[in-house]
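Colleague: I'd like a close look at one lysine and its charged partner, then at how the other charge pairs and the metal site fit around it. Could you walk me through it slowly?

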Amino acid sequence: MSSIVVATPATAGLGELFRTHKLSKKTVVLFDANTKRLFGEDILQTLHNEGFRTLELVVPARETSKSLTTANRLYGSMIEADVDRSWNLMAVGGGVVGDLGGYIAASYYRGIPVIQFPTTLLAMTDSSIGGKVAINHPLGKNLIGFFHLPELILIDPSRLKTLPLREIYSGMAEVVKYGFIADAAFLALLEEHFTDIVALQEPWLSEAVRKSAGTKEDVVRRDFREMNGLRATLNFGHTFAHGLEKSAEYRHIGHGEAVTIGMACALILSRDLGFLNGQECQRGLNLINRFRFPKGLLKKRFLAIDGPTLLHNMLSDKKKLDRKLRFVLLKQLGEAFLHEKDVDDTQVLDAIEKAKEFFSLKRPD
Ligand SMILES: NC(=O)c1ccc[n+]([C@@H]2O[C@H](COP(=O)([O-])OP(=O)(O)OC[C@H]3O[C@@H](n4cnc5c(N)ncnc54)[C@H](O)[C@@H]3O)[C@@H](O)[C@H]2O)c1
Ligand SMILES: [Zn+2]
């Protein structure tokens, strides 16, 4: 599996680290326009000080960069610069750069090593770990890709200082998810230090990042190709979230925001199907209640959507399967499982209505 380094700066002693991982000092460094502006000079300088040869590539900072067109342009720059199998690629940025960089590394010259250097909270705790790399197709997101594990994941939580608060909350959704699905002690830490972590206070921030990354790595190690249902538990809250994202045309709600709402629905469904006791469900909802959304988002993107439409959008995501929804549910806080049995639409709709009640009670906006 990959080695994960969580440190400030994560680039200290990089030459030695590359040597121990049998990585050459010939590195394609991929940024998006933002990470280039914020970290480009510092990272390239560090690499040059350590004797690296580099090729720098920059893509626009947007989801549409995860395309074959962009990949093709980058392949061209790499071929022109005589990049061959002896090189590796370092992706510096959020999930967009990580997925695109991983995709290029997996395919270029039949595969070169990739080093992930995540700079968003979501990338540090989720997308950079686990080796799923992909680009989008006009007919759907993340449809074209590989399993290509990174050799190294370099995480420097201090790089989050420039990240907008909305993106911090988005990443926090996945962080809290790890507590819900796999680690009750971590969940207690999150309850105690939620505000500290969102404010990027140490040592809580690094602890949260380390634990989250470790949990994802552990789950992936035990179920790399999604064979035994364990990796599927990483999708806690995501069945609902995908419906919300689709309802908002994948534009008007962030993934993490949808997951936050989706986890509230999944907590309620876990309780109402008799798996999670009421007290634990409430404790989970109290933690969800700490999240903040942009003004009007909850109202427009959740409360105003009628249940059957949301359910339809949750289903349409799965049209290629058997038109059955699968839910990840909790047995208790810190223990998730993939519920293989069908759940009645009425029960799903009921959970959605109760989640709406929860959010409108607590959130006047
Ligand atoms: N491969 C996986 O397992 C996996 C898992 C989850 C999500 N994803 C993918 O990840 C992508 C979303 O990733 P994301 O949320 O990181 O979005 P992103 O990569 O678009 O980054 C969000 C924004 O933050 C900017 N940014 C990055 N680091 C910054 C910093 N330190 N300071 C200021 N701004 C910074 C980026 O330029 C961008 O504008 C999606 O394409 C999704 O499909 C992949
Ligand atoms: Zn997610």
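To start with, what is the relative accessible area of Lys-354?

Modeller: Bear in mind that this is a predicted model. Lys-354 has a relative accessible area of 30%, which puts this residue in the partly exposed class. Its side chain meets that of Asp-350 in a salt bridge, with N and O 2.9 Å apart. Opposite charges on side chains can pair up when the charged atoms come close. Where the two sit in the chain is a neat part of the story: they are four residues apart in helix H14 (residues 345–362), so about one helical turn separates Lys-354 from Asp-350. Asp-350 is partly exposed too, at 35% relative accessible area.

Helix H14 holds another pair of this kind. Glu-353 forms a salt bridge with Lys-356, and here the closest N and O atoms are 3.7 Å apart. These two are three residues apart in H14, again about one helical turn. The surroundings of the partners are not alike: Glu-353 is partly exposed at 38%, whereas Lys-356 is buried, with a relative accessible area of 9%.

Now compare helix H8 (residues 204–222), where Glu-207 and Lys-211 are four residues apart and about one helical turn separates them. They form a salt bridge with the closest N and O atoms 3.9 Å apart, and the cut-off for calling one is 4 Å. Glu-207 is partly exposed at 26% relative accessibility, and Lys-211 is partly exposed at 33%.

Stepping back, the rule counts 21 salt bridges. Some charged residues do not stop at a simple pair: Glu-63, Lys-66, Asp-99 and Lys-141 are linked in a network of salt bridges.

Then there are the pairs that reach between domains. The domain assignment splits the chain into domain 1 (3–161) and domain 2 (164–362), and two salt bridges cross the interface of these domains. Lys-132 pairs with Glu-226, for instance, with the closest N and O atoms 2.6 Å apart. The interface also has five residue pairs in polar contact. On the domain 1 side, strand E1 (3–6) and helix H5 (121–127) are the elements that give two or more residues to the face touching domain 2, and the largest share, five residues, comes from H5.

Charge is not the whole picture there, though. About 1800 Å² is buried between the two domains, and carbon and sulfur atoms give 70% of that area. Leu-121, Thr-125 and Phe-147 supply 32% of what domain 1 buries against domain 2, more than any other three residues. In contact terms, 16 residues of domain 1 meet 23 residues of domain 2.

Last, the metal. The zinc ion (ligand 2) is coordinated by Glu-174 through OE and by His-238 and His-255 through NE2, at 2.0 to 2.2 Å. Glu-174 lies in helix H6 (residues 165–182) and His-255 in helix H10 (residues 255–272), so this pair ties together parts 81 residues apart in sequence. Glu-174 is buried at 0% relative accessible area, while His-255 is partly exposed at 27%.

Technical notes
Residues numbered from 1 in each chain as written. Chains lettered and ligands numbered in written order. Predicted model: local features only at pLDDT ≥ 70, side-chain atom pairs only at ≥ 80, totals over all residues. Heavy atoms only, no water. Donors = N, O, S within 2.8 Å, 3.2 Å for Na, K, Ca; no water. Buried < 20%, exposed > 50% of the residue type's maximum accessible area, 1.4 Å probe, protein only. Domains from an automatic or database assignment. Contact = heavy atoms within 4.5 Å. Buried area = accessible area lost by both parts, 1.4 Å probe. Polar contact = N/O pair within 3.5 Å; in protein donor to acceptor, adjacent residues only side chain to side chain.
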